[in-house]
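Trainee: Could you take a close look at the surface of this chain with me, and then at what sits inside?

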Amino acid sequence: MTSQPFEDLFVSAGDGLRLYARVYGPRAADTVPVVCLPGLARTSADFHDLALALASDQRRPRRVLAVDYRGRGRSEYDRNWRNYDIRVELDDLLQVLTVAAVGEAVFIGTSRGGLITLALSAARPTLLRGVVLNDVGPVIEGKGLARIRGYVGKLPAPRDYTEGGEILKRISNAQFPRATDEDWEILARATWREAKGRLVPDYDVALQKTLEHVDFETPLPPLWHLFAGLAHVPVLAIRGANSDLLSAETLEAMARAHPDLETVTVADQGHVPALRGRDMIQRIKRFVLKVEDGTAQPAPALTGAP
């Protein structure tokens with residue numbers, strides 16, 4: 001039996017709830033650490049391939065933290081679902097970073113993780129050395145949130161991970177037409193976990209309550225004031241070409257507003273593009289090196305495959 005390629009980090013939140021993060025790679029003074037923040041109902045497992053590649057790079061291995069928010073993955077569930085709130089999760093993140101002795105880092109935020117990163121730009125801007133926003137920006141499309149509300153906490157229980165992949169494919173195949181059965185099963189293994197001989201969601205299903213009373217007919221308040229807080233750091237903004245949460249117009253506006261922002265549109269993917277696969281990992285590696293060295297490097301076009 002091989003040991004896992006990361007260490008477990010458990011931290012007590014301000015209210016005593018137990019939080020969890022994966023820690024990959026060595027603590028190195030000459031490289032910038034990376035902090036990975038997942039989506040609403042996602043976990044640190046989504047970043048495994050990327051974190052492993054960054055942490056085990058032969059030339060510049062680096063420390064990578066991938067965080068489970070409260071109520072997700074191996075973090076403790078909160079008895080009060082109202083605490084599944086970005087402000088609370090931001091406080092939790094700051095506690096994790098303090099215990100992990102992270103003074104500055106490149107933050108990779110997928111969907112909700114990007115919103116927490118935007119909040120971090122106001123609460124603790126000196127922590128940000130660079131930012132990757134994965135299919136999220138200062139304007140959130142209500143259509144995408146409504147779709148997410150339609151399945152979070154409401155997925156049927158699959159008999160196995162193969163059936164789990166089939167369930168996810170039925171929900172999102174229109175956004176990811178080139179995804180393979182293997183891709184869907186990989187996603188399923190990071191969506192459900194085994195418990196008492198059956199598969200259950202790897203998050204507290206009470207998360208659905210946080211979306212129940214959102215009025216998607218009314219435009220959500222834009223967050224350009226928080227996005228402006230990223231002006232002092234390089235940003236890589238990734239968008240799935242089929243995304244219904246981050247529009248192409250918003251991505252273009254982000255590029256106009258930020259003095260050092262790269263944009264990537266991933267063909268044949270929606271919300272959210274997978275941060276794995278050689279092309280995507282190399283793209284993010286180059287960005288991290290750019291942040292570290294202050295030099296840009298040319299990058300090839302990305303394909304649509306995860």
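Mentor: Sure! The accessible surface adds up to about 14100 Å², with 50% of that belonging to carbon and sulfur atoms; such areas come from the Shrake-Rupley method with a 1.4 Å probe, and for residues only the protein chains shown count as cover. Keep in mind that this is a predicted model, where local features need pLDDT of at least 70, side-chain atom pairs count only at pLDDT 80 or more, and totals for chains, interfaces and linings use all residues. Residues are numbered from 1 along each chain as its sequence is written, and side-chain values use heavy atoms, leaving out hydrogens and water.

Now the inside. Of the 306 residues, 53% count as buried, meaning under 20% relative accessible area with a 1.4 Å probe, protein chains only. The largest nonpolar core has 64 residues, and Val35, Leu93, Phe107 and Leu230 have the most contacts inside it. A core here is a set of buried Ala, Val, Leu, Ile, Met, Phe, Trp, Tyr and Cys residues joined through side-chain atoms within 4.5 Å. Zoom in on Val35: leaving aside neighbours within four places in sequence, its contacts include Leu65, Val67, Leu97 and Ile108, where contact means heavy atoms within 4.5 Å. There's also a second, separate core of 28 residues, with Tyr24, Ile238, Val264 and Val291 among them.

Stepping back, among contacts between residues at least 6 apart in sequence, 75% join residues at least 24 apart. As for the outline, the C-alpha atoms fill a box of roughly 50 × 45 × 35 Å along the principal axes.

Technical notes. Buried means under 20% relative accessible area, exposed over 50%, partly exposed in between (1.4 Å probe, protein chains only).
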